[in-house]
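Visitor: Before we start, I would like each label to be set against the rule behind it. Could you take me through the reasoning step by step?

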Amino acid sequence: MPLPSDIPADWVPIVMAIRLPRVVLAFLVGASLALAGAAFQGLLKNALADPYTLGVSSGASVGAVLVIFLGWQWPLFGTFTLPIVSILCGMATLVAVLAFTRAVEPQLSVETIILAGIIFGAFFSAFISLMIALTGEELRQIISWLMGSVAMRGWKYSGLLLPFFLIGAAVLLANGRELNAFAFGEAAALHVGVDVTRRKVIILTAAALLTGAAVSVSGTIGFVGLVVPHMVRLVCGPNYRVLLPLSLLYGGAFLVLADVAARTIIEPRELPIGVITALIGAPLFAVLFFRKMKRKMG
């Protein structure tokens with residue numbers, strides 16, 4: 001079909017090769033992080049939990065940086081080596097955080113889990129800094145990746161993320177009823193027929209899958225999993241059958257808009273998208289944590 005006369009013909013390859021894959025990737029990453037954040041918050045019964053504060057994003061970042069630093073490409077996985085290693089490291093971090101928390105406090109209070117996540121996140125940040133200090137030619141690539149971006153990724157990265165996104169999203173969306181049951185406590189969930197241990201493992205695994213896959217293609221983008229589910233919860237309430245799909249949609253839209261802001265605020269230069277999400281998310285996290293502690297103490 002011929003193009004309208006007022007649209008230059010050379011715009012089409014630019015849109016299809018650069019602009020559109022960037023928008024698609026931003027949507028998939030935002031949707032993955034927001035959906036994972038909503039699942040973590042539902043399972044832990046706390047609006048302060050998200051992949052970033054639980055250390056899962058930091059663990060996934062270590063896996064991705066290792067792949068870049070060492071130039072890994074496993075024969076069986078090829079280009080999927082990066083997301084697979086990132087996912088495995090994210091899952092391992094979540095297991096380590098929960099095990100450490102249980103050793104400190106068998107009741108697994110949410111505040112202790114978050115503090116454990118911060119501890120592991122700080123350790124992994126130091127480990128990444130060590131790799132940066134030791135690297136040579138990969139320095140620019142690693143630093144650029146760590147700042148978080150969906151620029152110049154192309155369709156390849158969307159293709160890497162898509163299968164993991166579809167699997168993780170399908171699993172979490174299918175567990176909306178179980179997350180509603182968990183909101184009343186594990187005893188109540190068991191009473192209504194939920195296999196508590198099995199469902200917890202499934203939900204945590206799916207959320208870590210989404211987080212690791214998103215981090216592997218975009219770098220560290222914090223606070224999306226915290227901000228979006230909380231805002232959606234204020235609008236639609238705590239029903240996870242509604243909250244999960246809306247978090248997916250609004251998370252994707254939020255990151256697309258954040259990417260537009262990152263691209264245009266200081267044009268022609270471009271800010272890392274992680275800077276925009278942190279500028280929004282960090283103050284909100286501080287307010288939420290302050291209000292929660294005041295209610296607990298008062």
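Guide: We can begin with Glu186, which has a relative accessibility of 37% and so counts as partly exposed, in a model that is predicted.

Visitor: What makes Glu186 partly exposed rather than buried or exposed?

Guide: Buried requires under 20% and exposed requires over 50%, so the 37% of Glu186 falls in between. Lys200, with a relative accessible area of 23%, is partly exposed by that rule too.

Visitor: Why is the contact of Glu186 and Lys200 called a salt bridge?

Guide: The rule asks for a side-chain nitrogen of Lys or Arg within 4 Å of a carboxyl oxygen of Asp or Glu, and for Glu186 and Lys200 the N to O distance is 2.9 Å, so the pair qualifies. Because Glu186 belongs to helix 8 (residues 186–191) and Lys200 to helix 9 (residues 196–218), the bridge ties together parts that are 14 residues apart in sequence.

Visitor: How many salt bridges does the rule give, and which residues do shared partners join into one network?

Guide: The count is four salt bridges, and the network formed through shared partners consists of Arg22, Asp259 and Glu270. Within that network, the side chains of Arg22 and Asp259 meet at 2.8 Å, N to O. Arg22 lies in helix 1 (residues 11–44) and Asp259 in helix 11 (residues 240–264), so this pair connects parts 237 residues apart in sequence. Both Arg22 and Asp259 are buried.

Visitor: How do you know that Arg177 and Glu178 form a salt bridge, and is Glu178 buried or exposed?

Guide: The closest N and O atoms of Arg177 and Glu178 are 3.3 Å apart, so the pair meets the 4 Å limit. Glu178 has a relative accessible area of 6%, under the 20% limit, and is therefore buried, whereas Arg177 at 38% is partly exposed.

Visitor: Turning to the rings, why is the pair of Phe100 and Phe120 called edge-to-face?

Guide: A search of the whole structure finds five aromatic pairs. In the one formed by Phe100 and Phe120, the centres are 6.0 Å apart and the planes stand at 75°, so the distance is within the 6.5 Å limit and the angle is over 60 degrees, which gives the name edge-to-face. Since Phe100 is in helix 3 (residues 81–104) and Phe120 in helix 4 (residues 110–134), the two rings tie together parts that are 20 residues apart in sequence.

Visitor: What makes the pair of Phe120 and Phe124 tilted?

Guide: The planes of Phe120 and Phe124 are at 50°, neither under 30 nor over 60 degrees, and the centres are 6.4 Å apart, so the rings pair and the pair counts as tilted. Phe120 and Phe124 are four residues apart in helix 4, or about one helical turn. Phe120 is buried at 18%, and Phe124 is buried at 14%, while Phe100 is partly exposed at 38%. Ring pairs link Phe100, Phe120, Phe123 and Phe124 into a cluster.

Visitor: Which helices give two or more residues to the lining of the second largest pocket, and what is the volume of that pocket?

Guide: The second largest pocket has a volume of about 370 Å³. Among its 16 lining residues, those closest to the centre are Val67, Ile68, Leu82, Gln141 and Tyr157. Helix 2 (56–70), helix 3, helix 5 (139–146) and helix 6 (154–173) each give two or more residues to the lining, which divides into seven nonpolar, seven polar and two charged residues.

Note on methods:
Residues numbered from 1 in each chain as written. Predicted model: local features only at pLDDT ≥ 70, side-chain atom pairs only at ≥ 80, totals over all residues. Heavy atoms only, no water. Buried < 20%, exposed > 50% of the residue type's maximum accessible area, 1.4 Å probe, protein only. 1 Å grid on protein atoms, 1.4 Å probe; cavity = no way out; pocket = protein on both sides within 12 Å on 5 of 7 lines; lining within 4 Å. Points joined across faces, edges and corners; volume = space filled by probe spheres on them. Nonpolar A, V, L, I, M, F, W, Y, C, P; charged D, E, K, R; others polar.
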